[in-house]
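Let's take a walk through this structure together, one region at a time. Have the sequence and the 3D view ready.

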Amino acid sequence: MNKYKHHLFIVLTIITQSCQNTARLRENDQSVNDSLTLVETKNDLRFELDEFTGLITQSLQYVDYKDSSFLFFLNRHVNSLYSYNFQTKKRKILNFKKEGPNGVGKLNGFYFHNFDSIFLVSADFYKITLVVNPYMDKNKIFRTMKMTPRKIGSNSAKPLGFTGNRPYFIKNKLYILGVPDIDPTTSDFFNKGQNLQIMNLMDSTKKSKSLFTTDYKHTWSPYFYDYYHDFVRPKNSFVYSPPVSDSVISMSLNEDITYNYAGSRYIKEIQPMSTDFSDGVNREAHYYSNASYFMILYDKYNKLFYRFIELPNQKAIDDNDPRKASKIASIIILNDKLEKVGEKKLAPYEFFPIMSFVTSEGLYISQPLLNSDKSGVEENILRFVLFNVKKNE
Amino acid sequence: MSKVLRFFSLTIFYYAIILLLSSCSNGKQETIEFESKYHYLVIPVHGCPGCIQKAKSHAEEHLYSERIKYIFTDFTTEKDVRLSIGSQLFKSDRIILDRSNQLIDDGFTSSYPTLVFTEKGKLKKIILSPDVIDDKLKKLNIIITR
């Protein structure tokens, strides 16, 4: 895929108790195996965008399917799902109505299960829609699932559907991460909040779970509520990345839970919010000044995990540089046993790490292309740069 | 409070990417100056999505008001702005694009819209965070439609 230019695309358990002592774990970081790193290559993927598509999507998914591979990309501006076939170099677009009998709401995420079944997420509408045979039968809507009622104080949660926290459909059950509708400044958020919903589509039963670690007894600005996960097919288990915890959580389909240390070497502590939560400026400052873990991706080709963290841009904060909002990404590498084996910090201001995916070639991370006079970025070229795992010298 | 949560749960992605190129700004940008006869709504395109949606709706409803202008800032490309606010709004002379992110450099927040107006000869700024945006926009409506 070296220097490809693809025309037309887009145009493309409850851990009720966090038993581990965080401080102790950080001390252990000194002895963590640091044998691997990620190296930026000169290879990239480029997609020419259409007039309806911007450089940023909240939700994309790379899929190996039979002998082909695809990249799916949600275009929220037009409520459409784009797909690109790497072998045929053809793209397809599925357009969805927001309202009406077949309305799916304003989309902010999706999960491609197979070509027969695609799940669409509309967080604002608390709605997940299963679309059946979308490429055969024009947008036949099979089933619409409404989340639990939005009554405050119940176990309802606003569903997530981004690249790193999309729903997964595994053995007839849909696993949906969400953000509980509970005041986060109260103890109820931790004690009663359920951020994982498991819906059995065969018998229409549903259950909720909390995966919040004990860190959530404290108050955090809202940027820290969104959990991330990936499904590890060889092990039939999920792995979760809590934004404020050094640990990652592994959950089997029997819902047995274990957790492992997977912290960044670049942080000492993620501090809860101590200022007035009701002030938006305080919430923003709390986010800027603290690290936060986000996406975790399983690399089935190398049997590794990549856990992403945003680090505070301390120099920009100290200098009151407006770019203080651009936190710096670092990627923690974990082996198949979820043991930390390396970490790579990315250059600041260059990447959109939330737009990343894994292929047999390595980890692709979005990096906009500068235009010819370097006065800005090419607004019609979506670009991903390839990173490969290498042994540390 | 649940409203606050809903506003914010979609926000995090934008923070990782904003201001990517503020150091690459071009030199063609005219300086943005605030005139006392207008109220201004400064809208960071990659800020809090719920707030941006409200500010955008406000712009659509008051596009022909002669007492307010809308300044879009903190965007990666002009295409981002056009796709976010729609072509009609994008073309309006009520819309100002802060192409060099000058206002962010000047200290405006990249998270929420900011209302700017002149009072007793001094420029005043009010940050419209999710807690206050509804109330402030209602009051703004009264002022600009008087």
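## Buried or exposed?

First, a bit of vocabulary: a residue is called buried when its relative accessible area is under 20%, exposed when that value is over 50%, and partly exposed in between. Keep in mind that what you're looking at is a predicted model.

Now try it out. Is Arg283(A) buried or exposed? Its relative accessible area is 0%, so Arg283(A) goes down as buried.

## Two domains in chain A

Chain A splits into two domains: domain 1 covers 1-55 + 213-393, and domain 2 covers 57-210. How do they meet? On one side, 50 residues of domain 1 of chain A make contact, and on the other, 38 residues of domain 2 of chain A. Interface size is often quoted as the accessible area lost when the parts come together. Here about 3,900 Å² is buried between domain 1 and domain 2 of chain A, with carbon and sulfur atoms giving 66% of that.

There are polar links too: 13 residue pairs are in polar contact between domain 1 and domain 2 of chain A. Several strands help build the domain 1 side of chain A that touches domain 2, and β2 (36-48), β16 (228-232), β17 (237-241), β24 (352-359) and β26 (381-391) of chain A each supply at least two residues. Which strand gives the most? That's β24(A), with six residues. Sort this side of domain 1 of chain A by class and you get 30 nonpolar, 13 polar and seven charged residues.

## Salt bridges within chain A

Side chains of opposite charge can pair when their charged atoms come close. Over all chains, the count comes to 16 salt bridges, and three salt bridges cross the interface of domain 1 and domain 2 of chain A.

Let's zoom in on a couple of pairs. Lys300(A) and Asp64(A) meet in a salt bridge at 3.3 Å, N to O. Lys300(A) sits in the loop between β20 (292-299) and β21 (304-311) of chain A, while Asp64(A) is in strand β3 (residues 60-65) of chain A, so far along the chain that the two are 236 residues apart. Lys300(A) is partly exposed because its relative accessibility is 46%, and Asp64(A), with a relative accessible area of 33%, is partly exposed as well.

Another pair is Lys207(A) and Glu255(A), with 3.0 Å from N to O. Lys207(A) lies in strand β15 (residues 206-209) of chain A and Glu255(A) in the loop between β18 (247-252) and β19 (257-261) of chain A, so this salt bridge ties together parts that are 48 residues apart in sequence. Lys207(A) is partly exposed at 39% relative accessibility, whereas Glu255(A) is buried at 13% relative accessible area.

## A link between chains

Back to Arg283(A), which forms a salt bridge with Asp131(B), the closest N and O atoms being 3.4 Å apart. Asp131(B) is in the loop between β5 (122-127) and α7 (133-144) of chain B and Arg283(A) is in helix α3 of chain A, so the pair joins two chains. Asp131(B) counts as partly exposed, with 34% relative accessibility.

## Around helix α3 of chain A

Helix α3 of chain A takes in residues 280-288, and its buried residues are Gly280(A), Arg283(A), Glu284(A), His286(A), Tyr287(A) and Tyr288(A). At the start of α3(A), a side-chain oxygen of Asp279(A) reaches to within 2.9 Å of the backbone nitrogen of Val281(A).

Take a closer look at Tyr287(A), whose relative accessible area is 0%. Its C-alpha atom is 6.7 Å from that of Ser221(A), though Tyr287(A) and Ser221(A) are 66 residues apart along the chain.

## Two unusual phi angles

Most residues other than glycine have a negative phi. Leu338(A), not a glycine, has a positive phi of about 65°. You'll find Leu338(A) in the loop between β22 (328-334) and β23 (340-345) of chain A, and with a relative accessible area of 7% it is buried.

Lys120(B) also has a positive phi, near 50°. Lys120(B) is placed in the loop between β4 (114-119) and β5 of chain B. Is Lys120(B) buried or exposed? At a relative accessible area of 84%, Lys120(B) is exposed.

Note on methods: Residues numbered from 1 in each chain as written. Chains lettered and ligands numbered in written order. Predicted model: local features only at pLDDT ≥ 70, side-chain atom pairs only at ≥ 80, totals over all residues. Heavy atoms only, no water. Domains from an automatic or database assignment. Contact = heavy atoms within 4.5 Å. Buried area = accessible area lost by both parts, 1.4 Å probe. Salt bridge = Lys/Arg side-chain N within 4 Å of Asp/Glu carboxyl O. Polar contact = N/O pair within 3.5 Å; in protein donor to acceptor, adjacent residues only side chain to side chain. Helix = DSSP H or I, 4+ residues; strand = E, 2+ residues; numbered from the N terminus. Nonpolar A, V, L, I, M, F, W, Y, C, P; charged D, E, K, R; others polar. Buried < 20%, exposed > 50% of the residue type's maximum accessible area, 1.4 Å probe, protein only.
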